[in-house]
Amino acid sequence: MHHFATQTIGVLFPLAPPVFGQTLVATAVETPHLLHALLAASCSHHARLVKETSTSQRTILKFTDLAITGLRAALSDPTETLKPQTAMTAMILCTNDVCNGNARTWKVHLSGVMRLLTPLLERQSTTDGDIDPFVLCLLKWFATLDILAGLSGTHEGCVNDGQYWNLTRSPSCGIGQVDEICGYSTELMPLLARIGQLARRNVHEQSIFEIFTESSSTLSEELTDEAQDLERKIISIANQSPSAATLASHDQVLASELHNTHLAFIHSALLHLYRRVELLPKSHPKSRAQVAAILDNVQIIRPFSPANVLILWPIFSAGCETDDLCERQSIQTRMLNMQTMGMGNFTRARDALARYWELGAPSRWDVYFAQSGLELVLF
C-alpha cells in the first residue's frame, strides 16, 4: 500500500489534487474491496518496474479476485452501490485491465462504472452544481479513460456526447483552465467525442478501395460544415493554462507543463479531424502542421517529466501520421522514457507503433489496428 501511495498514484495522475490520493488511501483502509483493488494496481505497477512476472502475477490475481468478490458483494447491497468507493473499485480494476492489456474485461468494468456513477452523482450534486472533490476526481478519471477509449479505435465509448453529466459546465471544473486529471481542458471532451463518432462512421461507410488507397469521395456539405465548426471550436479553446490551485499545490515546472499537454491534445484533435473525418492524406499541409505542433509541445515537456503520462494519445497519434525518420526516433525515445515509469500502456503502444512502421501499413492506423484485431486504449 505504501508503494501505491508514494509511487503508483503519482504515475497515474501526476498532477491530481493531493487530497485525492490522501482520500483514496484513507477510504481504502476502511473498504476491503477498494483496498484489494489498489493492492492489485500497485503490484501490477511494481511488476512492470522490476520486470518480474511469475510471482507478481500470482499476487496480482489474488488481490484482483478478492477485489472482484468484494465488489460483487457490495453491488448486491443497495446502500453500498451509492458509495463512491464502490465505483472507485470498479474504476481501478478497469484501469489496471487497460494497463495490463486485458481487453476482455476493461469494457465490462468501464460500463459498470458508468452505471454506478449516474445515481451517485444525482445524490452528490448540490443545488449550486458543486460536486464532492473526491467524486469529481473519480468522474474525471472515468471520463478521461472513456474519451480516449473512444478515440483509440472502434470502441464507441460509454457516454457518446462527451458531456459526462455536464462536467464541461460544472463550476467545480475550472472552465477555461487545463484540468489536472485529464491534462487538457474538459471543454475539449465533447469535441473529442464527436470526432470519434464521425471517424467510426467514416470507417463503416468507406469502401475497401478507399480505405487502402486513402482516397475518398467528396465530403457531404453537412459533414464539411460540421468539420469546420469543430475546427473553429477546438482552436477557440487552445489558449488555456493550469489553475492557480494546481500551480500552488505542485512543483511549478511540472504544473506549467500542463499548458503543453493541453496543446498536444488540441493539435491531436485537429489531426484526427483532418485525417479521420475530413480524410486528408498524411502528406497534406494541414496534417503535417498538426504533427509538427504536437511534437513541438512534447519537446517542451521534460524528457522524464511525469506529465508525459498524460499525452500517450497525442504522441502515438503523431507517430502514426509521420514518415519522417527523425520524428519517429524522437517519438520512440519519448515513449521508451515513459516505459521506465512502469506504464504498461506505453510498452504496448510503442510495440504497436513499431509494427505499424515496419509493415508500412497502407491504411490509416485506426483501420489497420481494427483489422488486425489489436485493441489499444491510449490512456
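**Pockets and a helix pair in a predicted model**

Me: What volume does the largest pocket have?
Reply: This is a predicted model, in which local features need pLDDT of at least 70 and side-chain atom pairs count only at pLDDT 80 or more, while totals for chains, interfaces and linings use all residues. Residues are numbered from 1 along each chain as its sequence is written, and side-chain values use heavy atoms, with hydrogens and water left out. A pocket is an open set of points, on a 1 Å grid over the protein atoms alone, where a 1.4 Å probe fits and protein lies on both sides within 12 Å along at least five of seven lines. Counted as the space filled by probe spheres set on the points, which are joined across faces, edges and corners, the largest pocket has a volume of about 640 Å³.

Me: Which helix supplies the largest share of the lining of the largest pocket?
Reply: Lining residues have an atom within 4 Å of a point, and of the 29 that line this pocket, Ser44, Arg48, Gln57, Cys99 and Asn100 are the closest to its centre. Helices here are DSSP runs (H or I, at least four residues), numbered from the N terminus. The largest share, 7 residues, comes from helix 4.

Me: How are helix 2 and helix 3 oriented to each other?
Reply: The axes, lines fitted to C-alpha atoms over the stretch in contact (heavy atoms within 4.5 Å), come within 7 Å and cross at roughly 125 degrees. Angles run from 0 to 180 degrees between N-to-C directions; those under 35 count as roughly parallel, over 145 as roughly antiparallel, 65 to 115 as roughly perpendicular and the rest as oblique. Helix 2 and helix 3 are therefore oblique.

Methods:
Helix = DSSP H or I, 4+ residues; strand = E, 2+ residues; numbered from the N terminus.
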